Structure formats: C-alpha cells, structure tokens
Amino acid sequence: MIHLFTWPTPNGIKIHTMLEETGLAYRVTGIDITKGDQFKPSFLKISPNNKMPAIIDETGPGGKPMSVFESGAILMYLAEKTGKFLPKQTRRRYEVIQWLMFQMAAVGPLLGQANFFRKYCPVKVPYAIKHYTNEAARLYNVLDHRLARHEYLAGGYSIADIAVWPWIMPYFQGVKLAEYRHVERWFRTIEKRPAVQRGLKILADRQAPGEEIKMDAAAKEKLYGDTQMKAGKRRAAA
Ligand SMILES: N[C@@H](CCC(=O)N[C@@H](CS)C(=O)NCC(=O)O)C(=O)O
C-alpha cells in the first residue's frame, strides 16, 4: 500500500495520475498547504522541505517502509516499482529522464513563478510579471517544438508526460493553449485518459484542480510569509 500525502496542485496531480495509471493500491492524506499541514513535524519527517507531495511505500525494498519526497523522485520510484512508464533500455530511459528533469527544473519552477506573480503575489511587480510571462511562453515553445515531431515527450507515454501535463492545465501563466497547437493536441489526448480523469478527482472537493487556490491573508502568510522562514530556522537549529 502506498500512503500518499498530497494536495490537488500540479505537483500533487502528477502522483495522483501515476498511482491511477499503475493501479497500485494507495490511501490519501490531504496536506492542506493553505492551513499549514506541511509544517507538521510528522510530515517534515518524510518531506524536510515542507512541500507536498510525498509518499510512504509501506512495503518498500526488502518489504520495509520507505518514504520519498520530490515529485520527480516519486514518479521514478513508482515507475521502477511497477516497471511502467520508464523504459529500462539506457538510451530510451534517459530520453524520458531528461524531459522529466526539464519539468522539475524549468516547467514547474518557472510556470509556478508566473502563476505567483500574475495571480497570488500581494503586490504587483511589473518586471517580474513580464519576465515570468515571457519565460512561460518560451517554455511552451520548447514543448510545442518537441511535440510537433513526437507524439509524446519521450517515446511512448511516460512519467515525463505525467509530470508536465498538470502544469498545462488552465492556470494563470499568461499563455493561450490554442496558440501552441502541438501542445494542445498532446494535452487533449492525455486529458482523455481514464486514469488522468480519476486522478483529478482526488481531494477535488477541497480544492478544484486547475482553479485558483483560495487563500485568505493567513494562508498567504503561511505560504509566502514568516512561517516559511521560521520553519527554515527551526530546522537549522534542530
Ligand atoms: N519540487 C517539488 C515542489 C513541490 C511544491 O512546490 N509543492 C508546493 C505546492 S505545489 C507546496 O507544498 N508548498 C507548500 C509550502 O511551500 O509551504 C516537487 O516537485 O515535489
């Protein structure tokens, strides 16, 4: 059984999709990041960077529990556990891994900043809005170029597609999907997968996937204010 700690943000949805695609048995604990669940000591034990998602595989290697944080690492772990969505052959495997890393290092962080400065930042910072909107468009172009020549990002449907897909949902990145027709074709194809649709239902009653995260001032403080700094200092002192 996989114990999943998550919230329906793009990084959480990746793992929802993967668990549904692989058919592994799992149970869910919601980590409501607007309420500060990510700072609970029991969660920090398995996710020291106070971010969801994280998992505990109750029957990990050697039959013993194993926890994993960072969504890219979780996808690789689950792919290796099931033998699905990550080829074994070195050339094909690294084709997938490089696009997975592209998601983790660029698509997630930069589109995340575009969402933040365009939607959630309490002050309007025109330079940051322009910079991250440009970066979002640049990344969509990279994807469009790739998907013009390939059905999926790296060979067949893989953990690279599973990782990028939820970031292309209609957030607030300042790009129009219709202007990137190959990305749109790929997005619509994956959207139809039954496992993807099942994954989107996880905790959807608490936060609708792809929609604005409702945050009051207390939630913004937890996510962007002193709580983050204090958590860092507590860890440094421990
Ligand atoms: N690189 C991490 C990023 C995870 C991440 O940014 N999670 C956010 C929500 S999408 C979070 O838990 N934020 C809570 C916080 O920063 O306190 C991953 O891919 O797992």
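These notes cover the strand pairing around E1 and the main nonpolar core of a predicted model.

1. Strand E1 spans residues 2-6, and four of its five residues are buried. The strand is therefore described as mostly covered, a buried residue being one with 20 or more other C-beta atoms within 10 Å of its own.

2. E1 has two strand partners listed here. With E2 (residues 26-30) the pairing is parallel and made of five bridges. With E3 (residues 54-57) the pairing is antiparallel, over four bridges.

3. Phenylalanine 5 can serve as a reference point for both pairings. Its bridge partner in E2 is threonine 29, and its bridge partner in E3 is alanine 54.

4. The connection from E1 to E2 includes helix H1 (residues 10-22); E1, H1 and E2 form a β-α-β unit, and the unit is right-handed.

5. The largest nonpolar core contains 51 residues. Leu75, Ile159, Ala160 and Val164 have the most contacts inside this core. Elements that contribute two or more residues include E1, H1 and E3, along with helices H3 (71-82), H5 (126-149) and H7 (181-191). Helix H4 contributes the most, eight residues.

6. Where does this core lie with respect to domain 1 and domain 2? Residues come from both domain 1 (2-84 + 196-237) and domain 2 (90-193), so the core lies between them.

7. Leucine 75 merits a look in the viewer. Setting aside neighbours within four places in sequence, leucine 75 is in contact with Lys14 and Met18, with Leu100, and with Ile159, Ile162 and Ala163.

Note on methods
Residues numbered from 1 in each chain as written. Predicted model: local features only at pLDDT ≥ 70, side-chain atom pairs only at ≥ 80, totals over all residues. Buried ≥ 20, exposed ≤ 12 C-beta atoms within 10 Å, placed from the backbone. Pairing = 2+ DSSP bridges. Right-handed = clockwise from strand over helix to strand, strands pointing away. Core = buried A, V, L, I, M, F, W, Y, C linked by C-beta atoms within 7 Å. Domains from an automatic or database assignment. Contact = placed C-beta atoms within 7 Å.
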